[in-house]
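Let's take a walk through a protein model together. Have the sequence and the 3D view ready, and follow along at your own pace.

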Amino acid sequence: MSRFFEYAGCWLVRRDDTPCWYIYWCRPGTRRVLRRSTGTTDFKEAKRRLIAFAEERNSLQSPSMPTAQPASEVNVPISTPVQRGVPFLAVVSQYVERLEGRASHRLAQYCLEVWTEFCGYADLVYVHEFTLTMQEKFIKWRRTSRSTGLPISNGTMNRFLEVARAAFHDGWKRGDLASIPYVRLLPKPAPRDRFLTPDEVQRLLAACTEPHLRRFVLIALHTLQRPSAILNLRVEQVDLTWNRIDFLPRGSIQHNKRRPIVPITATLRPELEKALEESVSGYVVELGGKRIKKLRHSFRTACTKAGIRDASPGVLRHTGATLLAAAGVPLREVSGMLGHTTSQITERVYAKRRPEFLAEAASVLDKLFPEVQVESGSKRRALLPKPLDSLAGP
């Protein structure tokens, strides 16, 4: 690889697998070559970052190392000063590169594009400059820079901050960062409680005239899985002998969004038998013999035809879990279908749909505080609560 620029034992290199410029240098006392992304495709900016990196690296290796910046300037305790001289975009871009092949890679790439634009706007170069003040500046900039004019929710803003925080932790675990700045997330918005009623489900199925869309809806309702897991489902993951579906592809590793093994219902089995027989691409849900990556448009069209508003493919998963909880199915079993590693998530979201949800507490409250009786005229008299010992029974 050619060296396009050299300074103080470091040199710039253009790699074939990434558009960003890379800094190369040798570890002192060895012949081992190390590298780090500059996080930029601009040659002049890459040279500026190489010079800053080389000077910081040489100052840390010199015996007269300068004193650390006061903690008040970097918003961290004195005992854990944030490591200086590490490029912000280099850490984030390396983290995004390591996500390649995972479901979160595309979103992380988009976040990297936004961070790159903000770094140019705010002159953010190093990780230690990402203070709470800089984070607030990013939030304000992102809310006002949207060309659509639509408001950005806290949940969307947190996605950008979470990518930065995850990149810092990844760099720390790999030894690229000795310490990391604190990233403060915004308060999480209330979860959407949209689900389809049984009548809406029937109308939606009737509106799904395209076979691949109807198949997708049936699988989503009968397995409670995410749209991505259903669209990536291959025929070999369907076991008709043991009557089950393993949503984790062979050779894959479970991550936070788990893909469980779920049973095949009697209603779904004929549809799966037909899908396995007709599949050309190897996927259960296909169109024209090819794999389907998205079906938001066709799903939206079917919802409009069925008179359903504010519904997305992900609503089907929430619908199945909500109706199961409302039917009295144990939350432990609902949690297993959803693939939650702990039933706490399921209980927090779906316990309120259970028929017996806090029923005993409500019954006791009825006995403690009976209905107010109204006397003639304008005078009102409230019945006093009965003694607690009388609530235990005769």
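Is Glu278 buried, partly exposed or exposed? Glu278 has a relative accessible area of 42%, so it counts as partly exposed. Keep in mind throughout that this is a predicted model.

## Glu278 and its partner

Glu278 doesn't sit there alone: its side chain meets that of Arg215 in a salt bridge, at 3.5 Å from N to O. Arg215 belongs to helix H8 (residues 211-223) and Glu278 to helix H10 (residues 268-278), so this pair ties together parts that are 63 residues apart in sequence. The two ends have different surroundings: Glu278 is partly exposed, while Arg215 is buried, with a relative accessible area of just 7%.

Why do such pairs turn up? Side chains of opposite charge can pair when their charged atoms come close.

## More salt bridges

How many salt bridges does the model hold? The count comes to 13. One of them links Asp170 with Arg98, and there the closest N and O atoms are 2.6 Å apart. Asp170 is part of helix H6 (residues 154-173) and Arg98 is part of helix H3 (residues 88-98), so the pair connects parts 72 residues apart in sequence. Asp170 has 12% relative accessibility and therefore counts as buried. Arg98, on the other hand, has a relative accessible area of 33%, which makes it partly exposed.

Another salt bridge brings together the side chains of Arg194 and Glu200, at 3.4 Å from N to O. Glu200 counts as buried, because its relative accessibility is 13% and the cut-off for buried is under 20%. There's also a little network to look for: Glu45, Arg48, Arg49 and Asp123 are linked by salt bridges.

## A well-covered helix

Now go back to H3, the helix that holds Arg98. Nine of the eleven residues of H3 are buried, so the helix is largely enclosed by the rest of the structure. Which ones are they? The buried residues are Phe88, Leu89, Ala90, Val91, Val92, Ser93, Gln94, Tyr95 and Val96.

Here's a handy bit of background for when you look at any helix. An α-helix has 3.6 residues a turn, so residues three or four places apart point the same way.

## Hairpins at the start of the chain

Next, find strand E1 (residues 3-7), which runs antiparallel to E2 and is joined to E2 by four bridges. Across from Glu6 you'll find Trp11 of E2. The two strands make a hairpin with two residues between them, and Ala8 in that turn has a positive phi of about 50°. As for E2 itself (residues 10-14), the strand is mostly covered, with four of its five residues buried.

E2 also pairs with strand E3 (residues 21-26), again in the antiparallel sense, over five bridges. This hairpin has six residues between its strands. Two matched positions are worth finding on screen: Leu12 has Ile23 of E3 as its bridge partner, and Cys10 stands opposite Trp25 of E3. E3 is largely enclosed by the rest of the structure, because five of its six residues are buried.

Then E3 pairs with strand E4 (residues 33-37), with five bridges in the antiparallel sense. Trp25 turns up again here, as the bridge partner of Leu34 in E4. The hairpin of E3 and E4 has six residues between the strands, and Gly29 takes a positive phi near 80°. While you're tracing these strands, remember that in a regular strand the side chains alternate between the two faces of the sheet.

## A three-strand sheet

Further along the chain, three strands form an open sheet in the order E5-E6-E7, with antiparallel pairing. Strand E5 (238-239) and strand E7 (261-263) stand at the edges with a single partner strand each, so one side of each has no neighbour in the sheet. E5 and strand E6 (residues 244-246) pair over two bridges, and Asp239 has Arg244 in E6 as its bridge partner.

## A positive patch

Finally, turn to the surface. Which residues gather in a patch of positive charge there? The patch is made up of Arg106, Arg291, Lys293, Lys294, Arg296 and Arg300. Of these, Arg300 lies in helix H11 (residues 296-306).

Methods. Residues numbered from 1 in each chain as written. Predicted model: local features only at pLDDT ≥ 70, side-chain atom pairs only at ≥ 80, totals over all residues. Heavy atoms only, no water. Patch = residues over 30% accessible without salt bridge, like charges linked within 9 Å, V, L, I, M, F, W, Y side chains within 5 Å. Areas by Shrake-Rupley, 256 points an atom, 1.4 Å probe, with all protein chains shown as cover. Salt bridge = Lys/Arg side-chain N within 4 Å of Asp/Glu carboxyl O. Lys, Arg positive; Asp, Glu negative; His and termini not counted. Charge placed at Lys NZ, Arg CZ, Asp CG, Glu CD. Buried < 20%, exposed > 50% of the residue type's maximum accessible area, 1.4 Å probe, protein only. Pairing = 2+ DSSP bridges.
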